[in-house]
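Subject: A structure to look through

Dear colleague,

I am passing on the structure below, together with some notes on what turned up in it. Please keep the viewer open while you read, so that you can follow along from residue to residue.

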Amino acid sequence: MAPSFFDDYQDVPNVETGPDFDAADDRTLRMASRPVDKALLDQLVRYQETFLEHVEADASPEAMAGAAKAALETSGLDVKAAEWGSAVLRAFGGRRWTVQRLRSKLTELESRSGPEVDEVKKRVQGELVKQERETDALGRRYGVETVALLREREAELVALHTRLTKVLSRG
């Protein structure tokens with residue numbers, strides 16, 4: 001990208017080159033973002049765990065409203081921080097859940113052979129590369145340090161993401 005008005009931001013360096021408009025959008029969002037540190041991540045996990053404790057058995061609108069209130073109280077977060085943080089965890093958790101599923105599929109395919117299996121393996125491997133690249137791109141949006149911290153707790157965050165998705169997708 002060409003130099004811009006925002007190039008003087010030291011905490012959000014302009015490392016993009018070429019016409020990657022997603023990178024420019026991510027960088028703009030990064031400037032409006034707040035970093036996730038260990039304390040905030042602990043609060044966000046506590047928020048989601050508390051919410052899930054209240055709604056896994058009963059996902060009625062009333063239960064969800066009560067769960068959101070209890071989760072805010074337990075975590076010490078305000079609504080804005082909880083919603084923003086949940087969006088970060090959803091973006092990361094969704095990407096990493098997809099990576100887990102693709103790796104599982106690749107492991108399953110390793111025991112089989114044939115031209116059609118080789119083609120599927122190739123597509124799965126290509127998608128894995130894409131998902132890893134997209135996870136790294138979250139660093140442009142939320143900060144490299146944030147993504148590194150999320151990766152340290154990936155298993156826990158993907159498990160929470162899976163539970164939350166299951167609850168929220170009940171129809």
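L89 touches L41, L44, Q48, G94, L150, L157 and H161, once residues up to four places away in sequence are left out of the count. Please bear in mind, here and in everything below, that this is a predicted model.

L89 also belongs to a wider group, for it is listed with L41, Y47, F51, L77, L150 and L157 among the residues that have the most contacts inside the largest nonpolar core, a set of 27 residues. Two or more residues of this core come from each of α2, α3 (61-75), α4 (79-110), α5 (115-142), α6 (144-152) and α7, and it is α2 that gives the most, with 8 residues. Apart from this core lies another one, of 7 residues, which includes V99, L102, L106 and V117. As a general background to such groups, nonpolar side chains in soluble globular proteins tend to be buried together.

L77 deserves a separate look, since it is found in the loop between α3 and α4. Is L77 buried or exposed? With a relative accessibility of 10%, L77 counts as buried, because the cut-off for that word is a relative accessible area under 20%. Leaving aside neighbours within four places in sequence, L77 is in contact with L40, Q43, L44, Y47, L72 and A82. Of these partners, Q43 is 34 residues away from L77 in sequence, while the C-alpha atoms of the two are 7.0 Å apart in space.

Next comes the pair of helices α2 and α7. Helix α2 (residues 38-55) packs with helix α7 (residues 154-168) at an angle of about 35°, their axes being 10 Å apart, and the crossing of the two is left-handed. On the side of α2, the residues that take part are L41, V45, Q48, E49, F51, L52 and V55, and they meet E156, L157, L160, R163, L164, V167 and L168 in α7. Sorted by class, this contact has 10 nonpolar, 1 polar and 3 charged residues.

E56 has its place in the loop between α2 and α3. Its contacts, again without neighbours within four places in sequence, are R163, V167 and R170. The C-alpha atoms of E56 and K166 are separated by 8.7 Å, although the two residues are 110 apart along the chain. E56 has a relative accessible area of 32% and is therefore partly exposed, as that value falls between the 20% and 50% cut-offs.

Finally, a few words on the protein as a whole. There are 7 helices and 0 strands, and of the 171 residues 37% are buried. Among contacts with a separation of 6 or more, 68% are between residues 24 or more positions apart. The accessible surface comes to about 10,300 Å², and carbon and sulfur atoms account for 55% of it.

With best wishes

Key: Residues numbered from 1 in each chain as written. Predicted model: local features only at pLDDT ≥ 70, side-chain atom pairs only at ≥ 80, totals over all residues. Heavy atoms only, no water. Axes fitted to C-alpha atoms, helices over the stretch in contact; angles between N-to-C directions. Helix = DSSP H or I, 4+ residues; strand = E, 2+ residues; numbered from the N terminus. Left-handed = near helix turned anticlockwise from the far one by under 90°. Contact = heavy atoms within 4.5 Å. Nonpolar A, V, L, I, M, F, W, Y, C, P; charged D, E, K, R; others polar. Core = buried A, V, L, I, M, F, W, Y, C linked by side-chain atoms within 4.5 Å. Buried < 20%, exposed > 50% of the residue type's maximum accessible area, 1.4 Å probe, protein only. Areas by Shrake-Rupley, 256 points an atom, 1.4 Å probe, with all protein chains shown as cover.
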